[in-house]
There are 2 protein chains.
Amino acid sequence: MADVARAAGISTALVSIVIRGVPGASEATRQRVLRIADELGYVPDQRAQKLRQSRSRVLGVTFELQQPFHGDLVEQIYTAAGQQGYEAMISAVAPSRSETTAVNALLRERCEAAILLGSELETEELTRLARRLPTLLVARHTDLSGVGVVRSDDTAGIGLAVDHLVALGHRRIAHIDGAGAPGSSDRRLGFLQAMAGHGLQDTADVLAGGLTETAGAEGMRYLLGRPTPPTAVIAFNDRCASGVLDVLARQGCDVPGEISVVGYDDSRLAKLPHVQMTTVSQNAAELAEAAVTSALALIAGRQPEEVVLTPRLVERATTGPARS
Amino acid sequence: MADVARAAGISTALVSIVIRGVPGASEATRQRVLRIADELGYVPDQRAQKLRQSRSRVLGVTFELQQPFHGDLVEQIYTAAGQQGYEAMISAVAPSRSETTAVNALLRERCEAAILLGSELETEELTRLARRLPTLLVARHTDLSGVGVVRSDDTAGIGLAVDHLVALGHRRIAHIDGAGAPGSSDRRLGFLQAMAGHGLQDTADVLAGGLTETAGAEGMRYLLGRPTPPTAVIAFNDRCASGVLDVLARQGCDVPGEISVVGYDDSRLAKLPHVQMTTVSQNAAELAEAAVTSALALIAGRQPEEVVLTPRLVERATTGPARS
DNA sequence: CTGAAAGCGCTAACAT
DNA sequence: ATGTTAGCGCTTTCAG
């Protein structure tokens with residue numbers, strides 16, 4: 001920046017004004033500075049900017065590297081943050097990189113708030129984090145006061161899936177759940193409630209699953225081994241449903257002719273043209289926008305709230321009338 | 001930091017010494033400062049640290065949000081960078097976030113080098129970037145001098161796949177390629193060369209594909225429409241192979257009984273227990289380590305090199321003897 | 001419209 | 001072993 005100022009024969013303060021695009025420089029100077037900056041390949045040092053400003057205008061986001069739905073969310077959060085004049089700084093969680101590590105990286109960057117996607121942080125650690133920093137949980141439940149939550153109504157979402165299948169004539173419906181994953185208990189509950197609502201509590205079947213293709217595949221294989229397999233399966237998420245579909249395809253089992261399958265998330269996997277999965281959409285764009293808005297509200301000092309969005313059923317090609 | 005110093009009754013310089021764990025403080029002071037820092041929840045401001053130090057010790061990494069193999073690489077890069085005393089700062093590429101945007105974010109953070117995974121940046125932009133910053137391309141080819149490259153030998157990798165299939169008795173082998181994706185021309189070439197090497201140039205079949213499940217599915221459907229479909233398919237990558245496998249499963253086509261399928265990358269998708277895909281491994285850990293090492297070499301001022309790793313065939317369950 | 005000066009939180013020389 | 005000082009690159013009063 002000093003170089004630019006020298007080359008333009010003015011002070012750095014004036015360069016700063018031009019670069020930031022704030023009023024306070026003559027048009028002539030503005031043009032000249034911009035040209036010189038470009039020639040010199042000057043890019044402002046973000047660290048120095050943020051350091052000087054009291055507010056960093058950075059939102060920290062942790063996400064799981066291998067979860068397609070998190071990918072969707074991250075993409076939308078970049079956009080939503082940008083629209084609000086914020087920047088998103090992402091920090092990945094993976095088998096060899098714990099959520100704690102990911103969060104600490106954000107802390108050191110002085111983010112103004114942390115947005116945790118599908119966090120599995122323990123209560124204690126979450127509390128500690130929330131004391132330091134406005135914290136927002138996306139797609140996870142918590143009773144903790146002091147922590148904001150943005151999620152879609154998982155119970156209702158599964159209800160949508162059940163209603164849809166029942167309307168198609170299904171009665172023996174199984175749910176391969178998410179084991180201990182965030183949201184899994186809500187979805188399990190939603191399944192049981194909705195089934196009971198249709199008087200089908202006796203043919204409601206819940207299986208321990210997980211959030212990977214593997215869990216879905218195992219669950220489906222198990223179900224096919226039953227004397228009377230279900231005519232429809234609701235998986236915990238799209239990845240899990242992918243595993244289910246894969247097993248069915250290999251067994252030569254027609255979908256949806258013999259068995260209907262419903263996923264959850266409406267992630268990339270569900271939209272693939274050759275898959276066309278019926279799924280419950282937690283509109284990523286909407287969730288992301290709500291997350292950013294809530295995070296900014298927390299930063300502004302407002303009390304943490306729980307924002308619950310309404311999921312929507314996306315009917316595609318993996319569900320159909322029950323075979324009598 | 002000033003708070004900690006005040007609470008401990010010492011200067012900030014001494015606190016700094018303790019926090020960084022460098023020698024120059026008495027054991028008693030060290031203990032006390034650490035305790036107080038912990039009580040106060042003090043976390044050093046990374047921006048200020050980096051700003052002050054001439055070197056940021058940050059490696060910037062761009063990756064594609066929805067590419068499982070990139071996820072594998074990112075995870076390993078975090079580890080490899082950490083081992084070398086560096087930090088990885090990731091910046092995602094997605095349909096709504098261009099590579100240029102992602103790279104600019106890194107530039108503003110004053111990374112010491114940029115590691116671009118599977119970059120599709122144009123020559124001109126790449127050149128400009130490389131002039132500003134040591135730049136390393138992973139899993140992509142380039143003739144550009146001034147840019148480091150770490151990749152595995154794609155030509156040889158596909159050769160491995162061809163050899164394997166030929167040894168199993170296959171003769172009619174198709175390759176669904178990556179269209180214009182990084183690495184696709186090498187793999188296409190490797191396919192044709194290897195087939196020719198076995199005298200099979202007449203039954204070598206190359207189809208335009210892409211790097212998604214959709215491309216694989218379309219390619220496979222097309223191949224099945226042929227009067228004499230191939231007995232084996234080599235896909236551009238694992239995602240593409242997933243699409244192929246999916247179509248085959250739906251058609252009730254036995255894999256590997258009727259058709260063998262080989263992927264590329266040995267990503268998460270290939271390892272799924274219910275998939276067990278035969279694939280060519282570009283060992284993510286090895287690539288990541290080479291990438292970090294090369295990046296550091298560039299930073300140290302060494303000339304850009306091209307590091308070519310040897311791929312390895314991972315035989316799993318999607319390939320078998322050709323049906324006569 | 002422009003410039004001088006102070007300071008964001010930290011570290012690195014250099015004193016003591 | 002500890003403190004003092006200067007300054008990383010920028011923004012922000014405040015004067016001119």
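This briefing covers the DNA surfaces, the chain interface, the nonpolar core and two residues of chain B.

The model is predicted, so local features need pLDDT of at least 70, side-chain atom pairs count only at pLDDT 80 or more, and totals for chains, interfaces and linings use all residues. Residues are numbered from 1 along each chain as its sequence is written, chains are lettered from A and ligands numbered from 1 in the order in which they are written, and side-chain values use heavy atoms, with hydrogens and water left out.

**DNA strand D**

- DNA strand D is surrounded by 23 residues, of which A:Met1, A:Ser16, A:Arg20, A:Arg52 and B:Arg52 are the closest; a residue is near a strand if one of its heavy atoms lies within 4 Å of it.
- Sugar or phosphate holds 68% of the strand D atoms within 4 Å of the protein, and bases hold the rest.
- Phosphate oxygens of strand D lie 3.0 Å from a backbone N or O atom of A:Asp45, 3.1 Å from a backbone N or O atom of B:Ser26 and 2.8 Å from a polar side-chain atom of B:Thr29.
- A polar contact is a pair of N or O atoms within 3.5 Å; within protein, one must be able to donate a hydrogen and the other to accept it, and residues adjacent in sequence count only if both atoms are side-chain atoms.
- At least two residues of the surface near strand D come from each of helix H2 (12-20) and helix H4 (46-52) of chain A, and from each of helix H2 (12-20) and helix H4 (46-52) of chain B; helices are DSSP runs (H or I, at least four residues) numbered from the N terminus.
- The surface near strand D comprises 10 nonpolar, eight polar and five charged residues. Ala, Val, Leu, Ile, Met, Phe, Trp, Tyr, Cys and Pro count as nonpolar, Asp, Glu, Lys and Arg as charged, and the others, Gly among them, as polar.

**DNA strand C**

- Around DNA strand C there are 23 residues, the closest being A:Arg52, B:Met1, B:Ser16, B:Arg20 and B:Arg52.
- Of the strand C atoms that come within 4 Å of the protein, 70% belong to sugar and phosphate.
- A base nitrogen of strand C lies 3.3 Å from a backbone N or O atom of B:Ala48.
- H2 and H4 of chain A, together with H2 and H4 of chain B, give two or more residues to the surface near strand C.

**Chain interface**

- Chain B has 49 residues in contact (heavy atoms within 4.5 Å) with 49 residues of chain A.
- The two chains bury about 4600 Å² between them, with 53% from carbon and sulfur atoms; buried area is the accessible area (1.4 Å probe) that two parts lose on being put together, summed over both.
- B:Arg47, B:Gln66 and B:His274 supply 17% of the area that chain B buries against chain A, more than any other three residues.

**Nonpolar core**

- The largest nonpolar core has 64 residues, and A:Phe63, A:Ile115, B:Phe63 and B:Ile115 touch the most other members. Such a core is a set of buried Ala, Val, Leu, Ile, Met, Phe, Trp, Tyr and Cys residues joined through side-chain atoms within 4.5 Å.
- Beyond four places in sequence, B:Phe63 touches residues including A:Phe63, A:Leu65 and A:Ile90.

**Two residues of chain B**

- B:Ser184 lies in helix H9 (residues 184-197) and is buried, with a relative accessible area of 3%. Buried means under 20% relative accessible area, exposed over 50%, and partly exposed in between (1.4 Å probe, protein chains only).
- The B:Ser184 side chain reaches the backbone oxygen of B:Ala179 at 2.6 Å.
- B:Glu289, in helix H13 (residues 284-299), is partly exposed at 47% relative accessible area.
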